[in-house]
Amino acid sequence: MNEKILVINPGTTSTKVAIFQGAQEIWAASIQHDAAKLHEFPSIAAQLDYRFSLIREGIPKEMYGEWAVVVGRGGLLRPCDGGIYSVDESLLSDVQHARYGEHASNLGSMIAAKFAEETGVQACVVDPVTTDEFGPVVRISGVPGVERKCRAHALNIKATARRSSSELGIAFEDSNFVVAHLGGGISIAALKGGRISDVNDGLLGMGPFSPERSGAIPLVGVMDLVRDKGYDETKRIFSKESGLFGYLGTSDLREVESRIENGDEEANLIWEAMVYQIAKEIGAMAAALQGKINGIILTGGLVNSEKLLNKLEDYISFFGRRFIYPGEGEMLALAEGGLRVIRGEEVAKPYGVNNE
């Protein structure tokens with residue numbers, strides 16, 4: 001059986017590309033795109049042919065067209081259940097017209113579709129960033145007209161939960177995990193039966209502060225900042241200049257920990273506060289699952305820090321088993337989704353609604 005998979009993951013000024021043989025990466029590259037050239041295009045969708053041609057040139061000729069499926073990063077689609085979706089006309093229409101927002105990840109499905117059409121195979125996306133599996137109770141915020149949103153690192157959260165389920169010898173659909181994705185943004189999710197039943201908003205408004213983002217903060221402080229600095233500036237501060245960066249002037253955890261080693265008491269205080277808030281949110285999600293969990297999963301870039309992991313242990317060891325997956329793991333997660341399709345373990349669902 002042919003289990004070669006082409007994976008496409010676009011970023012702001014580059015596109016990560018890889019070819020997998022099953023779950024083993026056999027070739028990878030980060031194709032750089034000239035920022036000035038990208039600015040010439042009227043929209044992100046208009047970059048499609050430019051990026052496609054550079055990526056096509058970068059793939060080794062001897063590997064071109066050997067894949068059984070092409071998997072693109074899911075972009076800003078309509079809120080939908082997690083899983084694997086075929087790249088159909090409805091999906092392409094939504095990303096081409098940026099119906100749910102403009103983002104480089106929208107190009108993932110568009111580039112995948114061009115490669116799939118050229119080589120005669122299927123294109124799909126896996127656990128898009130707009131995965132939304134909340135129930136009605138979880139959506140209630142406490143203020144009428146303000147609804148909690150399911151906005152999280154769904155791809156890595158679900159992929160690591162699948163791996164942990166496999167390690168335990170249980171079906172993903174029967175598993176319950178608290179998954180903490182710890183990166184520039186932090187998402188801590190309750191996974192019930194493989195579905196994201198609850199998660200903090202890792203971009204704006206809930207959960208622990210992160211290297212760059214504010215997390216949940218006292219409402220009076222929010223109101224004061226909006227009054228003094230205006231809405232747009234406050235939003236920028238909360239999403240890009242808060243957390244470690246706001247307090248210490250850097251979002252690099254390695255630099256913060258180096259300062260701590262050199263006796264910087266302020267750096268130690270802020271670092272400890274972040275770890276404390278992460279642990280507290282893990283506890284909240286364990287409570288959301290009524291304590292019925294198969295383990296705690298820690299993943300994302302911050303998990304490369306032994307210091308952070310050791311400190312977290314002081315708080316969460318009583319929850320039982322921990323599973324550690326350092327890094328983002330997006331390329332492997334996308335490939336694993338494609339592999340499930342090839343092996344018939346999961347069917348790519350039609351995105352399929354008319355959004356006109």
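Trainee: Let's start with one side chain: what is the relative accessibility of K37?
Mentor: First, this is a predicted model: local features need pLDDT of at least 70, side-chain atom pairs count only at pLDDT 80 or more, and totals for chains, interfaces and linings use all residues. Residues are numbered from 1 along each chain as its sequence is written, and side-chain values use heavy atoms, with hydrogens and water left out. Buried means under 20% relative accessible area, exposed over 50%, and partly exposed in between (1.4 Å probe, protein chains only). K37 counts as partly exposed, because its relative accessibility is 31%.

Trainee: Which residue does K37 meet in a salt bridge?
Mentor: For a salt bridge you want a side-chain nitrogen of Lys or Arg within 4 Å of a carboxyl oxygen of Asp or Glu. Here the closest N and O atoms are 3.6 Å apart. The partner counts as exposed, since its relative accessibility is 57%. K37's partner is E40.

Trainee: How many salt bridges turn up in the whole structure?
Mentor: There's a network among them, linking R162, R340 and E346. Another one pairs E66 with K4, at 3.6 Å from N to O. The search of the whole structure gives a total of 23.

Trainee: How many residues apart are E66 and K4?
Mentor: Helices (H or I, at least four residues) and strands (E, at least two) are DSSP runs, numbered from the N terminus. E66 sits in the loop between α2 and β4, while K4 belongs to strand β1, so to speak of distant parts of the chain is fair. E66 itself is partly exposed, at 33% relative accessibility. The separation of E66 and K4 is 62 residues.

Trainee: Where in the chain is the R73 that bridges to E330?
Mentor: The closest N and O atoms of E330 and R73 are 3.4 Å apart. E330 is partly exposed at 22%, whereas R73 is buried at 10%. E330 is in helix α13, 257 residues away from its partner, and R73 is in strand β4.

Trainee: How many disulfides does the search find?
Mentor: The test is a pair of cysteine sulfur atoms within 2.5 Å. For C80, the closest cysteine sulfur is in C150, 10 Å away, and therefore too far for a bond. Both are buried, C80 at 6% relative accessibility and C150 at 8%. The number of disulfides is zero.

Trainee: Which residue has its backbone nitrogen 2.8 Å from a polar atom of the N106 side chain?
Mentor: N106 lies in the loop between α3 and α4, and it is buried at 2% relative accessibility. The backbone nitrogen you're after belongs to L76.

Trainee: And at the start of α11, which residue offers a side-chain oxygen to the backbone nitrogen of E266?
Mentor: It's a polar contact, a pair of N or O atoms within 3.5 Å; within protein, one must be able to donate a hydrogen and the other to accept it, and residues adjacent in sequence count only if both atoms are side-chain atoms. The oxygen reaches to within 3.1 Å of that nitrogen. The residue is D264.

Trainee: Last one: what separates the C-alpha atoms of G215 and D201?
Mentor: G215 is in the loop between β9 and α7, and it is buried, with a relative accessible area of 8%. Along the chain, G215 and D201 are 14 residues apart. Their C-alpha atoms are separated by 8.1 Å.
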